[in-house]
Amino acid sequence: MNVVFKNVSKHFGVINALNDVSFEIKSGDFVFLVGPSGAGKSSILKLVLHQYHPSSGHIYLDGEDIFLHHKSIVDKLRRNIGVIFQDYQLIADKTIEENIALALDINGVPASEIPARVEKVINQVNLNSRRHLFPSQLSGGELQRSALARALAVEPKLILADEPTGNLDPENSWMLIKLLTDINSQNGTTIIMTTHNMDIIQSLNKRIIAVKNGAIATDSQPVVVDIVKVEKTKFKKKLKRK
Ligand SMILES: Nc1ncnc2c1ncn2[C@@H]1O[C@H](COP(=O)(O)OP(=O)(O)OP(=O)(O)O)[C@@H](O)[C@H]1O
Ligand SMILES: [Mg+2]
């Protein structure tokens, strides 16, 4: 999914969370959003999700201005977005398996296809032994992986991940990153991920958009050709070591 911000500002009373932000993220890109706490990273993701309305400017998903269109079009686009936020947003009185199945049901996946889709993602995130537990019975890392499984299950065109490794140990952090990079390269899923983890940013050769005081400070494209190979080898070695 293609994501475009055109002169977007977002104010909360006297707080200017974002000031005249413009960028384009092309379909199939993997982009890190970085910057100090309070810079405006989560606000950008919430604007994409239609959770916040811009004070001014325009946001386009696959060319559609999401704040000009009818709710039904926005809902349709929204169903193609997988979200991994820190508050997980899992339903407390449903098991992990039921949470994932519900997300698929809401997205209109036929009932006959749901068990196989649930099975696939549960195994992808290595949560088979926890599938019948409720969110309150899981550790922070297991919850994070459950949220990832639910996001992957709907096979989205765009994944928004807000500090997804924040509660994970190094091993699970790299597992999550490997899953996201695989999904990006195999399915062409666009990924926008905020992180404070410099180790992860430096190990992957990806575009980095740095936000500071509500504005884009730098926007660096991945380094091309040979360096890519070097970085990939480093990343693979790192994964092996973990
Ligand atoms: N709903 C809201 N109401 C009022 N102010 C808000 C709201 N959401 C965000 N802000 C303000 O907007 C600014 C940017 O917040 P945002 O959550 O986007 O930062 P961030 O870059 O994600 O920071 P962090 O790295 O700590 O997650 C902050 O000053 C914050 O207080
Ligand atoms: Mg944030």
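Me: What makes the Ser42 side chain and ligand 1 a polar contact?

Reply: In this predicted model, a polar side-chain atom of Ser42 sits 2.8 Å from an oxygen atom of ligand 1. The cut-off for a pair of N or O atoms is 3.5 Å, so this pair counts as a polar contact.

Me: How do you know that Tyr52 makes a polar contact with ligand 1?

Reply: Here a nitrogen atom of the ligand and an N or O atom in the Tyr52 side chain are 2.9 Å apart. That value is within 3.5 Å, so the pair qualifies.

Me: And what about Ala39, where the backbone takes part?

Reply: A backbone N or O atom of Ala39 is 3.2 Å from an oxygen atom of ligand 1. Again the distance is within 3.5 Å, therefore we call it a polar contact.

Me: How much of ligand 1 does the protein cover?

Reply: On its own, ligand 1 has 640 Å² of accessible area, and the protein covers 63% of that.

Me: Which residues are closest to ligand 1?

Reply: Ser37, Gly38, Lys41, Ser42 and Ser43 are the closest of the 13 residues that surround ligand 1.

Me: Good, now the domains. How do you know that domain 1 and domain 2 touch?

Reply: Contact requires heavy atoms within 4.5 Å, and 13 residues of domain 1 meet this against 11 residues of domain 2, so the two domains are in contact. Together they bury about 940 Å², with 66% of it on carbon and sulfur atoms. Arg79, Met175 and Leu179 supply 44% of the area that domain 1 buries there, more than any other three residues.

Me: How many salt bridges and polar contacts join the two domains?

Reply: The rule finds zero salt bridges across this interface, while three residue pairs are in polar contact.

Technical notes. Residues numbered from 1 in each chain as written. Chains lettered and ligands numbered in written order. Predicted model: local features only at pLDDT ≥ 70, side-chain atom pairs only at ≥ 80, totals over all residues. Heavy atoms only, no water. Buried area = accessible area lost by both parts, 1.4 Å probe. Salt bridge = Lys/Arg side-chain N within 4 Å of Asp/Glu carboxyl O. Polar contact = N/O pair within 3.5 Å; in protein donor to acceptor, adjacent residues only side chain to side chain. Near = heavy atom within 4 Å. Areas by Shrake-Rupley, 256 points an atom, 1.4 Å probe, with all protein chains shown as cover.
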